[in-house]
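Me: I would like to go through this structure step by step, with the reasoning laid out before each value or name. Please begin with the term that the first question will need.

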Amino acid sequence: MAQYKGSCFCGAVEYAMTGEPAAMGYCHCNSCRSWSAGPVNAFTLWDPKSLQVTKGAEHVGTYHKTDRSYRQWCKLCGGHLFTNHPKWDLIDIYAASIPAFPFKPGVHVNYQETVLRIKDGLPKMKDLPKEMGGSGQVLPE
């Protein structure tokens with residue numbers, strides 16, 4: 001089984017994932033943009049059981065604005081780590097924090113909220129896929 005490693009910005013928190021993510025892509029929602037301080041968030045969604053914090057678990061802080069997303073960061077450097085999505089039983093491990101991971105996005109979600117149009121040939125979901133509670137509607141590129 002494949003194993004990938006990541007860490008926070010300062011290295012106080014380290015983690016490893018085994019297996020492969022359930023999905024990869026880009027989120028354009030206002031919440032993710034605000035949290036990431038960028039125009040888009042590159043996500044990798046994993047089974048939470050595949051993630052193990054191997055160092056510095058005591059330095060992981062959690063904040064949730066809604067019950068949909070529990071955002072976690074390093075309390076020492078502020079580096080973003082994960083977003084736990086309990087409703088979907090998935091955890092987003094930010095693609096940028098897994099240096100050796102072969103990120104292969106497959107979709108854009110919440111594209112109706114985008115502030116940065118990206119023409120890459122990937123599907124642009126208005127909100128979320130139906131199986132995740134969205135409309136399932138695909139917008140034109």
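Reply: Two residues are in contact when heavy atoms of theirs lie within 4.5 Å. The model to which this is applied is a predicted one.

Me: Among contacts between residues at least 6 apart in sequence, what percentage joins residues at least 24 apart?
Reply: The count is restricted to contacts in the protein between residues at least 6 apart in sequence. Within that set, the share that joins residues at least 24 apart is 48%.

Me: How many helices and strands does the protein have, and in what order do the elements run?
Reply: The secondary structure comes to 1 helix and 12 strands. Read from the N terminus on, the order of these elements is β-β-β-α-β-β-β-β-β-β-β-β-β.

Me: What radius of gyration does the protein have, and which value would a compact globule have?
Reply: The C-alpha trace spans about 45 × 35 × 25 Å along the principal axes of the protein. For 141 residues, a compact globule would have a radius of gyration near 14 Å, and the value for the protein agrees with this, being 15 Å.

Me: What percentage of the residues is buried, and what part of the exposed area do carbon and sulfur atoms supply?
Reply: A residue counts as buried under 20% relative accessible area, and buried residues make up 43% of the 141 residues. The protein exposes about 7600 Å², of which the part supplied by carbon and sulfur atoms is 53%.

Me: How far apart are the mean positions of the positive and negative charges?
Reply: The protein has 15 positive and 12 negative charges, and a mean position is taken for each of the two sets. The separation between these mean positions is 5 Å.

Me: How many aromatic pairs are found, and what is the geometry of the pair that Y4 and F101 form?
Reply: A search of the whole structure finds 6 aromatic pairs. In the pair of Y4 and F101, the ring centres are 4.9 Å apart and the planes make an angle of 85°. Planes over 60 degrees apart count as edge-to-face, and therefore the angle of 85° makes this pair edge-to-face.

Me: Where in the chain do Y4 and F101 lie, are they buried or exposed, and which residues form a cluster with them through ring pairs?
Reply: Y4 belongs to strand β1 (residues 3–7) and F101 to the loop between β9 (90–93) and β10, so that the pair links parts of the chain 97 residues apart. Y4 is buried because its relative accessible area is 12%, and F101 is buried as well, at 8%. Ring pairs link both of these residues into a cluster with W46.

Me: Where is N110, is it buried or exposed, and which residues does it contact beyond its neighbours in sequence?
Reply: N110 lies in the loop between β10 (107–109) and β11 (124–125), and its phi near 55° is a positive value in a residue other than glycine. With a relative accessibility of 11%, N110 counts as buried. Leaving aside neighbours within four places in sequence, the contacts of N110 are C27, H28, C29, M125, K126, D127 and L128.

Me: What is the phi of D89, and is the residue buried or partly exposed?
Reply: D89 is found in the loop between β8 and β9, and phi of D89, in a residue other than glycine, has a positive value near 55°. Its relative accessibility is 45%, so D89 counts as partly exposed.

Me: Which residues does H85 touch, not counting those up to four places away in sequence?
Reply: H85 lies in strand β8 (residues 80–85), and it counts as buried because its relative accessibility is 9%. The residues that H85 touches, beyond those up to four places away, are L45, R68, S69, L90 and D92.

Me: What distance separates the C-alpha atoms of G136 and K126?
Reply: G136 has its place in the loop between β11 and β12 (138–139), and it is partly exposed, with a relative accessible area of 29%. Beyond its neighbours within four places in sequence, G136 is in contact with M125, D127, L128, P129 and K130. G136 and K126 are 10 residues apart along the chain, and their C-alpha atoms are separated by 7.3 Å.

Technical notes. Residues numbered from 1 in each chain as written. Predicted model: local features only at pLDDT ≥ 70, side-chain atom pairs only at ≥ 80, totals over all residues. Heavy atoms only, no water. Helix = DSSP H or I, 4+ residues; strand = E, 2+ residues; numbered from the N terminus. Rg over C-alpha atoms; globule rule 2.2 N^0.38 Å. Buried < 20%, exposed > 50% of the residue type's maximum accessible area, 1.4 Å probe, protein only. Areas by Shrake-Rupley, 256 points an atom, 1.4 Å probe, with all protein chains shown as cover. Lys, Arg positive; Asp, Glu negative; His and termini not counted. Charge placed at Lys NZ, Arg CZ, Asp CG, Glu CD. Phe/Tyr/Trp six-rings, centres within 6.5 Å; stacked < 30°, edge-to-face > 60°.
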